[in-house]
Amino acid sequence: MSCSLINVFTAEVQIASTLIMVGAWIGCMLGSYPLDRYGRKKTVLFNTFFYVTGAVLAGSGLLSLLYVGKLLTGVGVGVSTAVIPILNSEIAHVTNRGKIVNFSAVFVDSGFVLAVLVSYAFIYNVPHGWQYVQMFGALPALIILSKHGIIIRFHSAEHSIYRF
């Protein structure tokens, strides 16, 4: 059975979806290594590589790159799953720790709902909308990078290195 909206077969869509879960498992298993070695902030910043690269590859329109992109995105999800709750609990004050970690989970779940609604609108109303939806996954990572001066503010290479 073919899915005419994205021009790939249902089995290929299922493989791409499964690769996210495989990548997330890999990321969860390996996420503690950079966490312990480089710290939370650097791990989160490095993890944006998986989101940006995965989104660009998945949105390229080629099936093989869709697979690789979904796998990389999954690794990013897995590393985030391992790192973000720890980072949130460490930076939150003891009296607010539970609220902060809970709000993080609520915002992640709200993001899922928003992503489904935006995806539905794009896939059914925009030509090649599925490719745009794939690339939207890079936006949060690009925002994180811009907030840390990696994309927008390049004063000098030396200054950027010392910011870490």
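Trp-130 is found in helix α6, which covers residues 129-136. This is a predicted model, so please keep that in mind throughout. Trp-130 is buried, with a relative accessible area of 10%; the cut-off for buried is under 20%. In sequence Trp-130 and Ser-119 are 11 residues apart, and from C-alpha to C-alpha the distance in space is 7.3 Å.

Staying with α6, which of its residues are buried? They are Gly-129, Trp-130, Gln-131, Val-133 and Gln-134. And what do these buried residues pack against? They pack against three helices, namely α3, α4 and α5.

Just before that helix comes His-128, located in the loop between α5 and α6. His-128 is exposed, with a relative accessible area of 51%, and the cut-off for exposed is over 50%. What about its backbone? Phi of His-128 is near 55 degrees, a positive value, and the residue is not a glycine. As a reminder, most residues other than glycine have a negative phi.

Now the chain as a whole. How many helices and strands does the protein chain have? There are eight helices and two strands. Reading from the N terminus, the order of elements is β-β-α-α-α-α-α-α-α-α. The chain has 164 residues, and 29% of them count as buried. On contacts: taking those between residues at least 6 apart in sequence, 62% join residues at least 24 apart.

Next, the cores. The largest nonpolar core has seven residues in all: Leu-35, Val-44, Phe-50, Leu-72, Val-75, Val-79 and Val-83. Two helices, α3 (40-58) and α4 (63-91), each supply at least two residues of this core. Which helix gives the most to this core? That is α4, with four residues. Apart from this core lies another one, of five residues, including Ala-16, Leu-66, Tyr-67 and Trp-130. So the tryptophan I opened with, Trp-130, is part of that other core, and Trp-130 is buried at 10% relative accessible area.

Back to the largest core, and one of its members, Val-75. What does Val-75 touch, once its neighbours within four places in sequence are set aside? The contacts are Gly-23, Ala-24, Ile-26, Gly-27, Asn-47 and Phe-50. Phe-50 is itself a member of the largest nonpolar core.

Met-21 sits in helix α1, residues 10-30. Is Met-21 buried or exposed? Met-21 counts as exposed, at 58% relative accessibility. In sequence Met-21 and Val-75 are 54 residues apart, while their C-alpha atoms are 8.5 Å apart in space.

Now the helix pairs. Two packed helices are described by the angle between their axes and the distance between the axes.

First pair, α3 and α4. Their axes come within 8 Å and cross at roughly 155 degrees. That makes α3 roughly antiparallel to α4, because angles over 145 degrees count as roughly antiparallel. The crossing of α3 and α4 is left-handed. Sorted by class, the contact of α3 with α4 has 17 nonpolar, eight polar and three charged residues.

Second pair, α4 and α5, where α5 is residues 97-125. Here the axes are 9 Å apart and the packing angle is about 150 degrees. At that angle, α4 and α5 are therefore roughly antiparallel to each other. What is the hand of the crossing of α4 and α5? The crossing of α4 and α5 is right-handed. Where do they meet? On the α4 side, Ile-84, Pro-85, Asn-88 and Ser-89; on the α5 side, Arg-97, Ile-100, Val-101 and Ser-104. By class, that contact of α4 with α5 has four nonpolar, three polar and one charged residues.

One last residue, back in helix α3, is Thr-48. Thr-48 is buried, with a relative accessible area of 4%. Which residues does Thr-48 touch, not counting those up to four places away in sequence? Thr-48 touches Ala-141, Ile-144 and Leu-145.

To close on the helices: α3 and α4 each supply at least two residues of the largest nonpolar core, and the buried residues of α6 pack against both of these helices and against α5. That is what I have.

Terms used
Residues numbered from 1 in each chain as written. Predicted model: local features only at pLDDT ≥ 70, side-chain atom pairs only at ≥ 80, totals over all residues. Heavy atoms only, no water. Core = buried A, V, L, I, M, F, W, Y, C linked by side-chain atoms within 4.5 Å. Buried < 20%, exposed > 50% of the residue type's maximum accessible area, 1.4 Å probe, protein only. Contact = heavy atoms within 4.5 Å. Axes fitted to C-alpha atoms, helices over the stretch in contact; angles between N-to-C directions. Parallel < 35°, antiparallel > 145°, perpendicular 65-115°, else oblique. Left-handed = near helix turned anticlockwise from the far one by under 90°. Nonpolar A, V, L, I, M, F, W, Y, C, P; charged D, E, K, R; others polar.
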